[in-house]
2 protein chains.
Amino acid sequence: MSRSNPRVLSTLERAGGFASAQEIYRLMQREGESIGLTTVYRALQSLVNDKIVDVLRRDDGEAIYRLCGEAHHHHLVCKGCGDTVEIEGGAIEKWAKMMAEEHGFRDVGHTAEIFGLCAKC
Amino acid sequence: MSRSNPRVLSTLERAGGFASAQEIYRLMQREGESIGLTTVYRALQSLVNDKIVDVLRRDDGEAIYRLCGEAHHHHLVCKGCGDTVEIEGGAIEKWAKMMAEEHGFRDVGHTAEIFGLCAKC
DNA sequence: AACGGAAATGAAAACCATTTTCATTTGTGC
DNA sequence: GCACAAATGAAAATGGTTTTCATTTCCGTT
């Protein structure tokens, strides 16, 4: 039942370990790989089930997939120009762990994004 | 140009300051208010522009709207049963402020959600 | 009160990411 | 080679959100 298509995984890796299904699909097309959008979605779902990738949501609602193994980081996004800076979140990791423990949750992940206006905007 | 329909705002307040457009629409219908879904969406957009409400995304991609004035808190969500606990995020506020400062960002906000499995699941 | 233009409204259509359906192809064990 | 399961992808369905456009409501001016 493992539909974890290796071509999809490797494309996700090549994309910097961070991309939406549509982006992965377009990327594969551009590189001449023959694949259907459906298969991309299925492969990603499968990778999520197998906990090889995580899902988050972009602000526009599109789902983005990220390799779990990736150095975990967060984003500082400019509301004006869309510029994004990757930032460390050590404090957040601890906070998430503490909060989860306190409420008896296990197997936890988290998302955290900061948005504002950058120096130029 | 202010399309910030007060009936929509008051319904959002009544919903606990936290609801999706569809939920607000259904709530208003149930209460016998005559309004179109389009108007609800427009009113919410307008409230977001005026910084009276914020938007976040639920895991399924649906946008949820929240009164800005609300005591700012975060959520610990169970992936199994969907149960949600509101938690404090003092550490996060500081982290967000620091990171923003460090990169010259101003007028910053943030989102942070923790998800995992609750004790029952 | 009547008129005219601007803003608001909402039904229906368009949009777009995602999921489902289903017929076809591919792969594997016999 | 054969049969059966799994994988594939085109096309249709789904569902939240946005757009279009014709109609209605508001307001300020006569």
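**Exercise 1. Find which residues surround DNA strand C in this predicted model, and name the closest.**

Step 1. Count the neighbours: 19 residues surround DNA strand C.
Step 2. Pick out the closest. They are A:Y41, A:A63, B:G36, B:T39 and B:R42.
Step 3. Turn to the DNA side. Of the strand C atoms that come within 4 Å of the protein, 60% belong to sugar and phosphate.

**Exercise 2. Work out which parts of DNA strand C are approached by A:A63, B:G36 and B:R42.**

Step 1. Take A:A63. One of its backbone N or O atoms lies 2.8 Å from a phosphate oxygen of strand C.
Step 2. Take B:G36. Here too a backbone N or O atom faces a phosphate oxygen of strand C, at 3.0 Å.
Step 3. Take B:R42. An N or O atom in its side chain is 2.5 Å from a base nitrogen of strand C.
Step 4. Apply the cut-off. A polar contact needs N or O atoms within 3.5 Å, so the pair at A:A63 qualifies. The pairs at B:G36 and B:R42 qualify as well.

**Exercise 3. Describe the protein surface near DNA strand C by element and by residue class.**

Step 1. List the elements that each supply at least two residues: α2 (21–30) and α3 (37–49) of chain A, and α3 (37–49) of chain B.
Step 2. Find the top contributor. α3(A) gives the most, with five residues.
Step 3. Sort the residues by class: six are nonpolar, nine polar and four charged.

**Exercise 4. Decide whether A:C118 and B:C118 are buried or exposed, and count the disulfides.**

Step 1. Buried means under 20% relative accessible area.
Step 2. A:C118 has 5% relative accessibility, so A:C118 is buried.
Step 3. B:C118 is also at 5%, so B:C118 is buried.
Step 4. Over all chains, the structure holds zero disulfides.

How values were computed:
Residues numbered from 1 in each chain as written. Chains lettered and ligands numbered in written order. Predicted model: local features only at pLDDT ≥ 70, side-chain atom pairs only at ≥ 80, totals over all residues. Heavy atoms only, no water. Near = heavy atom within 4 Å. Polar contact = N/O pair within 3.5 Å; in protein donor to acceptor, adjacent residues only side chain to side chain. Helix = DSSP H or I, 4+ residues; strand = E, 2+ residues; numbered from the N terminus. Nonpolar A, V, L, I, M, F, W, Y, C, P; charged D, E, K, R; others polar. Disulfide = S-S within 2.5 Å. Buried < 20%, exposed > 50% of the residue type's maximum accessible area, 1.4 Å probe, protein only.
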